[in-house]
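User: I've got a model open and I'd like to learn how to read its pockets and helix packing. Can you walk me through it?

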Amino acid sequence: MAPVLPVVLPLQPRIRLAQGIWLLSWLLALVGGLTLLCSGHLLVQLGHLGTFLSPSCSFPALPQTALAAGAVALGTGLGGAGASRASLDAAQYPPWRGVLTPLLAVGTAAGGGLLTLALGLALALPVSLHRGLEEGLEAALAHYKDTEVPGHCQAKRLMDELQLRYHCCGRHGYKDWFGVQWVSNRYLDPNDQDVVDRIQSNVEGLYLIDGVPFSCCNPHSPRPCLQSQLSDPYAHPLFDPRQPNLNLWAQGCHEVLLGHLQGLSGTLRSVLAVTLLLQVLVLLGLRYLQTALEGLGGIIDAEGETQGYLFPGGLKDTLKTAWLQGGLAHKPAPEEAPPDEEPAQEALAEA
């Protein structure tokens, strides 16, 4: 059977191949570490912002998969650097001969599979962020007032911190607060006729006002924060409701968080693409170096040419041979007749 993709490797090309693999392996280890940092950073960000993502959003699977892929890439890079360096010394290479095959198997199956999966998630999952943030922020606004409801006691604090930190207001803008009751019933005066009228005028019995929480206010505004009666053009002199950015944050939190998380996932996607490319190059180089050295008994500076290849035979033939060998290994051996039975059978025939 002819080997798959054979390459003739004389002495000098073998040495240059080992040196090139050593350099690429260190680059792979470096980029693998960078993948760990990027995915870890995105995972930490999701830990802070997970409250504003719907439970059904699968975006957190991206940094988790990328974290595992980065760890495998880092290990492959370090292992490839050690094996390629040892291959240049006939005294150091023998211990690595038994390590290369498991390294190639793990690097291909685990590393290549995880990197491909993570890159696919990085391309597909950011689209699901839109809906995940829509549902998560809608729930966050609805539970803003539930400061004494178990499970939602921190909703107000988290939403205020989000708006202050990311300079945003509401889901898509400050008017989103007009459609939800964000003032707790505990602080409403049931004897106030205005409160009673507002609650009775709403079909859901909610207290709705044209105001926003304090965290929507821009501290850089030269005038005091305007939080109430924002839709009344006569309530605040010299305030133009058509230009709320002069006093309130202009952007909604959905737009800000979507851009922030998509930016992080875009950076991670680029790092994953480079990591996958280096992983493929290092594994291919290690395989050619391994098969070339096996033809020389593990001595890289041996005289003469040798051949490096991916598989010793065609892929179909290799799988067929492995299948047949596995079948023969489980097939019971034919029973042999005891040697003393043959003379007895001959005696009976003569009689």
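User: Which helix gives the most to the lining of the second largest pocket?

Analyst: Keep in mind that this is a predicted model. To read a pocket, go through its lining and ask which element each residue comes from. Here α5 gives the most, with five residues. Both α1 (11–49) and α5 supply at least two residues of that lining. The full lining is His 48, Leu 49, Phe 52, Leu 158, Glu 161, Leu 162, Arg 165 and Tyr 166, and the pocket's volume is about 150 Å³.

User: What classes of residue line the second largest pocket?

Analyst: Sort the lining by side-chain class. You get five nonpolar, one polar and two charged residues.

User: And the largest pocket, what volume does it have, and which residues are closest to its centre?

Analyst: The volume is about 280 Å³. Its lining has 15 residues, and the closest to the centre are Leu 104, Thr 108, Leu 283, Leu 284 and Arg 287. The elements giving two or more residues to this lining are α3 (94–124) and α7. By class, the lining has seven nonpolar, seven polar and one charged.

User: OK, on to helix packing. How do α5 and α7 cross, at what angle?

Analyst: The general idea: two packed helices are described by the angle between their axes and the distance between the axes. In this case, helix α5 (residues 155–166) and helix α7 (residues 253–294) have axes that come within 11 Å and cross at roughly 70 degrees. The two are therefore roughly perpendicular to each other, and the crossing is left-handed.

User: Which residues meet in that contact of α5 with α7?

Analyst: From α5, look at Met 159, Leu 162, Gln 163 and Tyr 166; they meet Cys 253, Val 256, Leu 257 and His 260 in α7. That contact divides into six nonpolar, two polar and no charged residues. Notice that Leu 162 and Tyr 166 are in this contact and also line the second largest pocket.

User: Where do the axes of α2 and α7 come, and at what angle do they cross?

Analyst: Read this pair in the same way. The axes of helix α2 (residues 61–86) and α7 come within 10 Å and cross at roughly 30 degrees, and this crossing is left-handed. On the α2 side, the contact residues include Leu 62, Ala 66, Ala 73 and Gly 80. On the α7 side, they include Leu 268, Leu 272, Gln 279 and Leu 283. The contact of α2 with α7 divides into nine nonpolar, six polar and no charged residues. Leu 283 turns up in this contact and among the residues closest to the centre of the largest pocket.

Note on methods
Residues are numbered from 1 along each chain as its sequence is written. This is a predicted model: local features need pLDDT of at least 70, side-chain atom pairs count only at pLDDT 80 or more; totals for chains, interfaces and linings use all residues. Side-chain values use heavy atoms; hydrogens and water are left out. Axes are lines fitted to C-alpha atoms, for helices over the stretch in contact, and angles run from 0 to 180 degrees between N-to-C directions. Helices (H or I, at least four residues) and strands (E, at least two) are DSSP runs, numbered from the N terminus. Angles under 35 degrees count as roughly parallel, over 145 as roughly antiparallel, 65 to 115 as roughly perpendicular and the rest as oblique. A crossing is left-handed if the near helix is turned anticlockwise from the far one by less than a right angle, and right-handed if clockwise. Contact means heavy atoms within 4.5 Å. Ala, Val, Leu, Ile, Met, Phe, Trp, Tyr, Cys and Pro count as nonpolar, Asp, Glu, Lys and Arg as charged, and the others, Gly among them, as polar. On a 1 Å grid over the protein atoms alone, a cavity is a set of points where a 1.4 Å probe fits but cannot get out, and a pocket is an open set with protein on both sides within 12 Å along at least five of seven lines; lining residues have an atom within 4 Å of a point. Grid points are joined across faces, edges and corners, and a volume is the space filled by probe spheres set on the points.
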